[in-house]
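The following exercises practise the reading of strands, aromatic rings and charges in a protein model. Attempt each task with the structure in view before turning to its solution.

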Amino acid sequence: MRLTSPFAPTFEEMLHPHLVDPAVRQRALTALEVDPLDPVNLMNIHWRTPDGGVRHFVLPPVLTGVETPIVVLIGKGFPTGSHKVGPAYSVLIESLLAGEFDPEQHTLVFPSTGNYGIGGAWVSGRMGCKSLVVLPEAMSSERYDLIRHYGAGIITTTGSESNVKEIYDEVNRLRRDEPDMRVLNQFDVMGNYRFHYYVTGNSIVELADELAGKGIGRGKVSAFVSAMGSGGTIAAGDRLKQVWRDHKIVGLEPIQCPTLYANGYGTHDIEGIGDKHVTWIHNVRNMDALMCIDDLACKQGLRVLNDEVGQDVLKSRYDIDHNTAHQMGDLLGISSICNILGAIKTAKYYNMGVDDLIVTVATDAVDRYESVMARMRVDDGAMDSATAVGYIERVFLGVRTDWIMSGTLDVRERWHNLKYFTWVEQQGKSVDALDAQRDPSWWEMEQQRIGEIDAHLSQHRRTMS
């Protein structure tokens with residue numbers, strides 16, 4: 001195995017970037033602004049601001065309609081504009097350390113519906129590796145543009161968000177027919193899980209203390225809410241539940257494709273989530289509730305926050321200050337709105353109060369969806385004040401506690417059993433491997449590998465210096 005870049009952060013450095021050599025850290029901060037393709041930007045894979053705080057904003061209660069503080073982690077600050085670059089890096093570096101590919105010989109394949117593929121293209125280029133992204137043909141045009149900009153090839157498959165099976169089919173063909181391809185599958189490789197369990201989860205733990213010092217919450221996170229795409233982000237909840245045993249982990253999926261909720265299927269427009277299967281890396285037996293969100297509400301919610309008329313209404317009618325209105329319009333994508341609606345639903349369903357704290361994630365921002373917003377303006381017409389008020393009142397303030405399934409023991413068993421059809425019947429995993437995931441120690445063992453991986457990576461970095 002040959003480490004291809006001296007700028008390869010450990011999990012601990014992604015959690016605490018202040019541990020990075022100060023000269024390298026400063027160079028990375030500068031490059032993030034002036035040279036996003038500089039490999040030193042690998043040291044910017046973290047949730048932190050330059051002063052060490054966790055990137056976030058608190059939603060105004062006049063928009064959520066609940067007194068419980070809802071905090072949104074900001075993914076746009078990552079080098080590619082989405083936190084999915086973290087899992088892409090973690091999966092790649094773990095595979096490289098294990099000697100599973102040769103950067104000079106092999107092309108890395110990233111199965112994705114968008115942001116993971118973008119992250120894989122970016123990381124591969126910074127690590128001196130060739131890459132190929134396999135994703136559905138009906139994604140936003142911005143995704144394809146970024147993948148090409150970062151130097152990766154693209155193979156498109158039939159369908160949209162809900163057609164991951166078609167991605168798997170193409171990936172399996174590449175494995176069979178192209179000996180120089182190496183697949184890094186976010187849906188079953190535990191590096192994805194580990195990034196969010198350790199880096200995202202512990203960042204949230206530290207954020208809770210930071211917020212308590214400002215009078216927001218009481219130093220404890222009552223619930224973590226996340227839609228499932230690869231099942232990676234929601235792994236942060238596994239860490240939070242270890243810190244606070246009564247913590248609630250709430251998963252989200254589209255009403256239009258209610259896989260866990262109703263063994264359902266369908267096509268939806270919340271790009272990045274809900275893929276007609278349960279991912280291997282999703283610890284479903286640790287999830288407290290499942291909630292379904294309407295994809296149209298997500299798109300309308302993003303449009304009203306991003307539209308100039310909508311921004312004016314937020315300020316004039318709802319008395320939301322300019323900076324907060326601008327943040328919401330600039331830093332949220334479609335799946336971010338899904339997460340926010342799920343967080344509001346969580347506060348209502350669990351009857352949470354002002355001393356509780358709910359955390360969710362803005363995976364990416366509106367810059368990934370300008371083409372979607374443009375289509376909505378054509379299809380729905382220009383937004384006026386009355387339409388903006390209607391969207392705010394119905395999409396945000398009108399969130400209801402319907403489409404909710406509590407994670408009882410028998411429900412969790414059913415969620416787990418759904419993995420069989422994708423992973424055993426279609427993808428060749430063993431029944432014994434699936435059964436092993438029933439034991440919490442299986443997940444704890446994967447978590448504990450982080451120290452071993454960091455030590456291995458640190459050793460290889462020393463050989464380069």
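**Exercise 1. Burial of a strand**

Task: Determine how many residues of strand 2 are buried.

Solution. The model is a predicted one. Strand 2 spans residues 70-74, and 5 of its 5 residues are buried, which leaves the strand mostly covered. Next, consider the two faces separately. One side carries I70, V72 and I74, while V71 and L73 point to the other; all of these residues are buried, and both faces of the strand are covered.

**Exercise 2. Neighbours of strand 2**

Task: State which way strand 2 runs relative to strand 1 and to strand 10, parallel or antiparallel.

Solution. Begin with strand 1, residues 56-58. Strands 1 and 2 are joined by 3 bridges and run antiparallel. Within this pairing, H56 is found opposite L73 of strand 2. Then turn to strand 10, residues 358-362. Here 5 bridges make the connection to strand 2, and the two strands run parallel. One residue of strand 2, I74, has A362 in strand 10 as its bridge partner.

**Exercise 3. Two aromatic pairs**

Task: Classify the aromatic pair of Y349 and Y350, and that of W442 and W443, as stacked or edge-to-face.

Solution. A pair of rings is described by the distance between the centres and the angle between the planes. The structure contains 11 aromatic pairs. In the pair of Y349 and Y350, the centres are 4.9 Å apart and the planes enclose 75°. An angle over 60 degrees counts as edge-to-face, so the pair of Y349 and Y350 is edge-to-face. For W442 and W443, the values are 4.7 Å centre to centre and 75° between the planes, and this pair is edge-to-face as well.

Now compare accessibility, for which buried means under 20% relative accessible area. W442 is buried because its relative accessible area is 14%, and W443 counts as buried at 3%. Y349, by contrast, has 34% and is partly exposed; Y350, at 23%, also counts as partly exposed.

**Exercise 4. A ring cluster and charges over rings**

Task: Identify which residue lies over the face of W280, and which ring has the charged end of R55 over it.

Solution. First locate W280: ring pairs link this residue with Y168, F187 and W423 into a cluster. K419 lies over the face of W280, 5.9 Å from the ring centre. Finally, the charged end of R55 sits over the ring of F78, at 4.9 Å from its centre.

Methods:
Residues numbered from 1 in each chain as written. Predicted model: local features only at pLDDT ≥ 70, side-chain atom pairs only at ≥ 80, totals over all residues. Heavy atoms only, no water. Phe/Tyr/Trp six-rings, centres within 6.5 Å; stacked < 30°, edge-to-face > 60°. Buried < 20%, exposed > 50% of the residue type's maximum accessible area, 1.4 Å probe, protein only. Lys NZ or Arg CZ within 6 Å of the ring centre and 35° of its normal. Helix = DSSP H or I, 4+ residues; strand = E, 2+ residues; numbered from the N terminus. Pairing = 2+ DSSP bridges.
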